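Trainee: I should like to take a close look at a single part of this model. Please treat it in one connected account.

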Amino acid sequence: PILASAHENGCICLWSIQGNLVKELLPFSKYPSAPLTALCTDISTKMLLAGSKEGHIMCWSIASFLEDPQNSKNQIKEELCWRAHSNEVVDLFHEEKKNVVVTASIDGSVRLWCGMNGHYLGYFGQPRKFELSDISRLILPCDVNKFPTIIKEESKHMEKKKFEYPLILDRDK
């Protein structure tokens with residue numbers, strides 16, 4: 001078993017149940033790291049989702065990593081990032097059977113998104129029924145103006161790297 005924790009610096013830490021740090025992740029996106037406010041997985045723990053204070057949702061594929069965390073070939077891959085709300089995300093969950101992500105914001109809105117591509121499906125309280133079969137429509141809520149970003153390439157920025165900067169006195173300089 002692996003425990004995941006979301007942090008104010010935008011980092012996700014994965015821990016063993018003995019309390020040892022297994023891996024640190026930073027979201028790879030064009031947006032600056034924001035404090036993470038919500039975290040969830042799907043039932044089969046293939047996907048890890050995080051919501052941020054800025055209203056973004058990030059989605060990682062974690063299935064191969066969880067099979068063998070010691071194998072360096074089994075990486076965690078960020079697959080999708082989108083702006084879900086204009087305010088802080090306070091909760092989210094992934095319904096695996098229909099592949100839908102439900103997000104809730106501090107402003108009181110609850111929205112439905114396609115889990116495959118982050119396309120907007122609607123909000124709770126809307127007058128029409130949710131149309132889950134047509135996931136190709138590219139519509140956005142009124143307060144969001146950026147379409148989802150599908151991350152295709154492996155990024156070197158996903159893992160938090162540790163650097164040492166020793167102070168060395170150089171009298172010649």
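What is the order of the four strands in the open sheet, and is their pairing parallel or antiparallel?

Mentor: The model is a predicted one, and the account below should be read accordingly. The four strands of the open sheet follow the order 8-9-10-11, and their pairing is antiparallel. At the edges lie strand 8 (89-95) and strand 11 (120-123), each of which pairs on one side only. From one strand to the next, the twist averages 20°. In general, strands of a sheet pair through backbone hydrogen bonds, in either a parallel or an antiparallel arrangement.

Within this sheet, strand 9 (residues 100-105) is joined to strand 10 (residues 110-114) by five bridges in the antiparallel sense. Along this pairing, Val102 is found opposite Leu112 of strand 10.

Strand 10 also takes part in an aromatic contact. Two aromatic pairs emerge from a search of the whole structure. In one pair, the ring centres of Trp82 and Trp113 are 5.9 Å apart and the ring planes meet at 45°; the pair therefore counts as tilted. This contact links distant parts of the chain, since Trp82 belongs to strand 7 (residues 77-83) and Trp113 to strand 10, with their positions 31 residues apart in the numbering. Both Trp82 and Trp113 are buried. Tyr120 joins Trp82 and Trp113 in one aromatic cluster. Tyr120 lies within the range of strand 11 (120-123), one of the edge strands described above.

For context, another stretch of the chain may be set beside this sheet. Strand 5 (residues 47-52) is mostly covered, with six of its six residues buried. Met47, Leu49 and Gly51 point one way from the strand, whereas Leu48, Ala50 and Ser52 point the other way, and all are buried. Such alternation of side chains between the two faces of the sheet is what a regular strand shows in general.

Strand 5 has antiparallel pairings with two strands. Five bridges connect strand 4 (residues 36-41) with strand 5, and Thr41 has Leu48 as its bridge partner. The hairpin of these two strands has five residues between them, and Thr45 there adopts a positive phi near 50°. Strand 5 and strand 6 (residues 56-61) are likewise antiparallel and joined by five bridges, with Gly51 partnered by Ile57. In the hairpin of strand 5 and strand 6, three residues separate the strands, and Gly55 has a positive phi near 95°.

Note on methods: Residues are numbered from 1 along each chain as its sequence is written. This is a predicted model: local features need pLDDT of at least 70, side-chain atom pairs count only at pLDDT 80 or more; totals for chains, interfaces and linings use all residues. Side-chain values use heavy atoms; hydrogens and water are left out. Two strands pair if DSSP finds at least two bridges between them. Axes are lines fitted to C-alpha atoms, for helices over the stretch in contact, and angles run from 0 to 180 degrees between N-to-C directions. Rings of Phe, Tyr and Trp (its six-membered ring) pair if their centres lie within 6.5 Å; planes under 30 degrees apart count as stacked, over 60 as edge-to-face and the rest as tilted. Buried means under 20% relative accessible area, exposed over 50%, partly exposed in between (1.4 Å probe, protein chains only).
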